[in-house]
Amino acid sequence: MTTTDAPARSPRWHVLGSLPFAAAALVLVNALYIFLVALGNITDYGTNFDFVQHVLAMDTTNFGQEAGKGLDPDVMWRAIDNPVLWNLAYIGVIIWESLSAIVLIVALVFFIRGFLGHGFHAARVWSSIGLVMIILLFVGGFISVGGEWFQMWRSTSWNGLDPAFRNSVIAGIGLVLLHLPSPRWDDTTPRRDATS
């Protein structure tokens, strides 16, 4: 008569090679990045406010000429020259960044709970929301609105398209990892020592 033992549980450190751990790592770096961006914009308001001002005013959308010279009259009707609107747009970006950071920090708390055996459902939901928020900011706000509507691509001095693309790709990779199938996502058994 043969008895079948339950499959041996892999060592605890093997979690480092799991899909949930890889996804959590990308959520962590996105949370850290967007938190630092929001903090920098709050504590050094003026530096990036200049960026928002020039993008909305479209005064350097002239392929490197002197500010205000050689502008395309066919698109300059889009420019916003009101400082109140510049500030409102910038404050809106800061609030969005801050909320994204908070959502991703909450997701990290749920990831920790997941690694302790409480499942990853909440971590995946919160992470997805936070990463989509980052993609909406950088693809929707910076690339679409700033880059195309306000013609940021024409500026050599105030062009944030490359960083926006990088940030959205990193968030997108995290989203892909979160939604890949893996039996580890369903691992809701609390982790115990191999001796127990």
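Me: Which word fits Phe115: buried, partly exposed or exposed?
Reply: This is a predicted model, in which local features need pLDDT of at least 70, side-chain atom pairs count only at pLDDT 80 or more, and totals for chains, interfaces and linings use all residues. Residues are numbered from 1 along each chain as its sequence is written, and side-chain values use heavy atoms, leaving out hydrogens and water. Relative accessible area under 20% is buried, over 50% exposed, in between partly exposed (1.4 Å probe, protein chains only). With a relative accessibility of 23%, Phe115 is partly exposed.

Me: How many aromatic pairs does the structure hold?
Reply: Rings of Phe, Tyr and Trp (its six-membered ring) pair with centres within 6.5 Å; planes under 30 degrees apart are stacked, over 60 edge-to-face, the rest tilted. The number of aromatic pairs here is 16.

Me: What kind of pair do Phe21 and Phe115 make?
Reply: The two ring centres of Phe21 and Phe115 are 6.1 Å apart. The angle between their planes is 55°, so this pair is tilted.

Me: How far apart in sequence are the parts that Phe21 and Phe115 tie together?
Reply: Helices here are DSSP runs (H or I, at least four residues), numbered from the N terminus. Phe21 belongs to helix H1, residues 19-43, while Phe115 belongs to helix H3, residues 83-118. The parts tied together by this pair are therefore separated by 94 residues.

Me: What is the relative accessible area of Phe21?
Reply: Phe21 counts as partly exposed. Its value is 32%.

Me: What kind of pair do Phe120 and Trp185 form?
Reply: For Phe120 and Trp185, the distance from centre to centre is 5.6 Å. With 80° between the planes, the pair is edge-to-face.

Me: How many residues apart are Phe120 and Trp185?
Reply: Phe120 is in the loop between H3 and helix H4 (121-149). Trp185 is in the segment after helix H5 (161-178), and the pair links distant parts of the chain, 65 residues apart.

Me: Are Phe120 and Trp185 buried or exposed, and which word applies?
Reply: Phe120 has a relative accessibility of 4%, which makes it buried. Trp185, at 5%, likewise counts as buried.

Me: Which helix gives the most to the largest nonpolar core?
Reply: A nonpolar core joins buried Ala, Val, Leu, Ile, Met, Phe, Trp, Tyr and Cys residues through side-chain atoms within 4.5 Å. The largest one has 39 residues, and Phe111 and Leu131 have the most contacts inside it. H1, helix H2 (45-57), H3, H4 and H5 each give two or more residues to this core. The element giving the most, with 8 residues, is H3.
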